[in-house]
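Hi,

Here's the structure I promised to pass on. Have a look at it first, then read my notes on the salt bridges below.

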Amino acid sequence: MANPGKEKKGKENREDSALLRRLAEDFARLRLELEEIKRERFLPERSPSEKRIDFGPLTDTERDPQAVVAALRETDEAAVARLAYAFSSPQKVKIVRILLTEGELSSSGIGERTGLTTGSLYHHLRELTHAEVIEQAGRNLHRITPLGRRAAMALFPLTL
């Protein structure tokens, strides 16, 4: 006589394995699509001296589908909400895009490029910093964080 508990666990393991395979395939496909966007659309031809977006190598977590699933199960909902809120206004998205494409900038440099008033600029910089999308690189100098880079590179291509 078969053990129903064992059969159920075996079915769950097969479902988890199928989910892991699908996640790994989806992630690999997304990575290739992002690389294609980087080459063809997202970054126009530039001189060699201009900065380019660095996707960087895959992390150990990104290489391991089981680690991806484990990370999804341990996701901090509040952190996800903060990150989503960081991209909730065109002004904040513009700040992120500028820091992503131009690198570290002073507040005044960001203000010049965005056209935001000082009060509005600092409000958005504070929210982006709180969400850990940007950080201070020095006195009055801002840069995008690795989290901000990954989030932007996941979101921006969705609008193309």
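Let's start with a little cluster: Glu104, Glu135 and Arg143 are joined in a network of salt bridges. Keep in mind that this is a predicted model. In total, the structure has 4 salt bridges.

Within that network, the side chains of Glu104 and Arg143 come together with N and O 3.0 Å apart. Glu104 sits in the loop between α5 and β1 (105–106), while Arg143 belongs to strand β3 (residues 141–144), so this pair ties together parts that are 39 residues apart in sequence. Both ends are partly exposed: Glu104 has a relative accessibility of 37%, and Arg143 has 30%.

Next, find Glu102 and Arg113, whose side chains form a salt bridge too (2.5 Å, N to O). This one links helix α5, where Glu102 lies, to helix α6 (residues 107–114), home of Arg113, and the two residues are 11 apart. Glu102 is partly exposed at 32% relative accessibility, and Arg113 is partly exposed at 37%.

Now for Glu127 and Lys92: are these two buried or exposed? Glu127 is buried, with a relative accessible area of 17%, and Lys92 is buried as well, at 1%. They make a salt bridge whose closest N and O atoms are 2.8 Å apart. Because Glu127 is in helix α7 (residues 118–130) and Lys92 is in helix α5 (residues 90–102), the pair ties together parts that are 35 residues apart in sequence.

Have fun clicking through it!

Cheers

Definitions and conventions. Residues numbered from 1 in each chain as written. Predicted model: local features only at pLDDT ≥ 70, side-chain atom pairs only at ≥ 80, totals over all residues. Heavy atoms only, no water. Helix = DSSP H or I, 4+ residues; strand = E, 2+ residues; numbered from the N terminus. Buried < 20%, exposed > 50% of the residue type's maximum accessible area, 1.4 Å probe, protein only.
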